[in-house]
Amino acid sequence: DGAAANVKLVSVSTTLATNAVVEGHGSPVCVVLVGFDETMVQRSGLATAFPGLVIERVAGGHDHNGGEVAKLDADAIRAIAAKHKGAVEAFAVASQFAVRNPAHEHAARDLLIEQTGLPVTISTELASALDAPRRALTAALNARLISRITTLIDAVETAMQRFGIAAPLMITKGDGSLALAKSVALRPIETVLSGPAASLVGAASL
């Protein structure tokens with residue numbers, strides 16, 4: 001009847017990420033910590049926040065000026081990829097002082113993707129704080145949510161195709177703004193509080 005052609009934009013809000021955070025759900029992931037000592041691992045709270053989380057430490061990292069403290073152990077990262085490829089659905093990477101120099105996070109991400117083909121979250125894509133343990137926790141949370149938000153996006157896109165809707169698909173972020181679904185798929189943490197935000201935006205428009 002031509003109605004589908006009149007649809008110019010599809011916007012979806014979701015409580016998937018919010019529910020997963022509150023209920024402690026998420027996909028199995030491996031967190032690779034570059035240049036972390038055991039104290040930094042403990043400070044991150046990763047083990048207590050996500051029981052059973054796979055945590056691996058490798059040599060590397062930078063100092064507060066962005067200078068390389070130790071070379072990135074690429075062989076160790078390849079070994080981690082081979083060890084966990086079939087057991088996890090995503091990886092998260094956090095490196096010491098990566099906000100001053102993200103080279104080791106980028107290199108680790110490239111190696112993991114090359115070896116596994118799985119999605120990889122690096123901490124500097126999500127946070128700019130110097131606090132590496134906190135960044136590691138954020139990256140891990142994001143990685144745990146990727147498969148869930150991807151499943152939702154795939155389902156909505158399938159429904160749009162069935163109804164002949166060719167409009168862009170947008171997802172409501174936690175601040176009420178919209179982002180292309182494909183970009184949100186790799187940064188699902190931005191959809192935490194998407195549902196409440198959409199409700200407020202809708203109420204304001206009415």
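**Helix packing, cores and loops in a predicted model**

Helices H1 and H6 pack with their axes 10 Å apart, at an angle of about 140°. The two helices are therefore oblique to each other, since an angle counts as roughly antiparallel when over 145 degrees. The crossing in which H1 passes H6 is right-handed. On the H1 side the meeting residues are Leu16, Ala17, Ala20 and Val21, and on the H6 side they are Leu141, Leu145, Arg148 and Leu152. Seven of the residues in this contact are nonpolar, none is polar and one is charged. As with everything described here, this picture comes from a predicted model.

It helps to step back and look at the whole protein. Eight helices and seven strands are found in it, and 42% of its 206 residues are buried. Taken along the principal axes, the C-alpha atoms fill a box of roughly 65 × 35 × 30 Å. Among the contacts with a separation of 6 or more, 70% join residues that are 24 or more positions apart.

A second pair of helices can be read in the manner of the first. Helix H4 spans residues 74–84 and helix H5 spans residues 103–116; their axes come within 9 Å and cross at roughly 40°. That angle makes H4 oblique to H5, because roughly parallel is kept for angles under 35 degrees. H4 passes H5 in a right-handed crossing. From H4, the contact draws on Ala74, Ile77, Arg78 and Ala81, while H5 brings Ala108, Leu111, Leu112, Gln115 and Thr116. Sorted by type, the residues of this contact are six nonpolar, two polar and one charged.

The nonpolar cores come next. The largest of them has 22 residues, and Val31, Leu33, Phe36 and Leu46 have the most contacts inside it. Two or more residues are given to this core by each of H1, strand E2 (29–34), helix H2 (38–44), strand E4 (90–95) and helix H6 (132–162). H6 gives the most, with seven residues. With sequence neighbours up to four places away left out, Leu46 touches Val31, Leu33, Val41, Leu53, Ile55, Ala136, Leu137 and Ala140. Apart from this core lies another, of 17 residues, which includes Ile77, Ile80, Phe91 and Leu111. Two of these names have already appeared: Ile77 of H4 and Leu111 of H5 are part of the contact made by those helices.

Two threonines invite a visit to the start of the chain. Thr14 is placed in the loop between strand E1 (10–12) and H1, and Thr18 is in helix H1 itself, which covers residues 16–23. Thr14 has a relative accessible area of 6% and is therefore buried. Thr18 also counts as buried, because its relative accessibility is 16% and the cut-off for buried is under 20%. Leaving aside neighbours within four places in sequence, Thr14 is in contact with Ile149, Leu152, Thr191, Ser194 and Gly195. One of these partners, Leu152, is also among the H6 residues that meet H1. For Thr18, with residues up to four places away not counted, the partners are Thr191, Val192, Leu193 and Ser194.

That list leads to Leu193, in the loop between helix H7 (181–184) and helix H8 (194–205). Its relative accessibility is 45%, so Leu193 counts as partly exposed. Not counting residues up to four places away in sequence, Leu193 touches Thr18 and Gly174. Leu193 and Arg162 are 31 residues apart in sequence, and their C-alpha atoms are 29 Å apart in space.

The backbone of Leu193 deserves a look as well. Most residues other than glycine have a negative phi. Leu193, however, has a positive phi, near 70°. Phe97 is not a glycine either, and has a positive phi of about 55°. Phe97 sits in the loop between E4 and H5. Is Phe97 buried or partly exposed? With a relative accessibility of 23%, Phe97 counts as partly exposed, because only values under 20% count as buried.

Note on methods: Residues numbered from 1 in each chain as written. Predicted model: local features only at pLDDT ≥ 70, side-chain atom pairs only at ≥ 80, totals over all residues. Heavy atoms only, no water. Axes fitted to C-alpha atoms, helices over the stretch in contact; angles between N-to-C directions. Helix = DSSP H or I, 4+ residues; strand = E, 2+ residues; numbered from the N terminus. Parallel < 35°, antiparallel > 145°, perpendicular 65-115°, else oblique. Left-handed = near helix turned anticlockwise from the far one by under 90°. Contact = heavy atoms within 4.5 Å. Nonpolar A, V, L, I, M, F, W, Y, C, P; charged D, E, K, R; others polar. Buried < 20%, exposed > 50% of the residue type's maximum accessible area, 1.4 Å probe, protein only. Core = buried A, V, L, I, M, F, W, Y, C linked by side-chain atoms within 4.5 Å.
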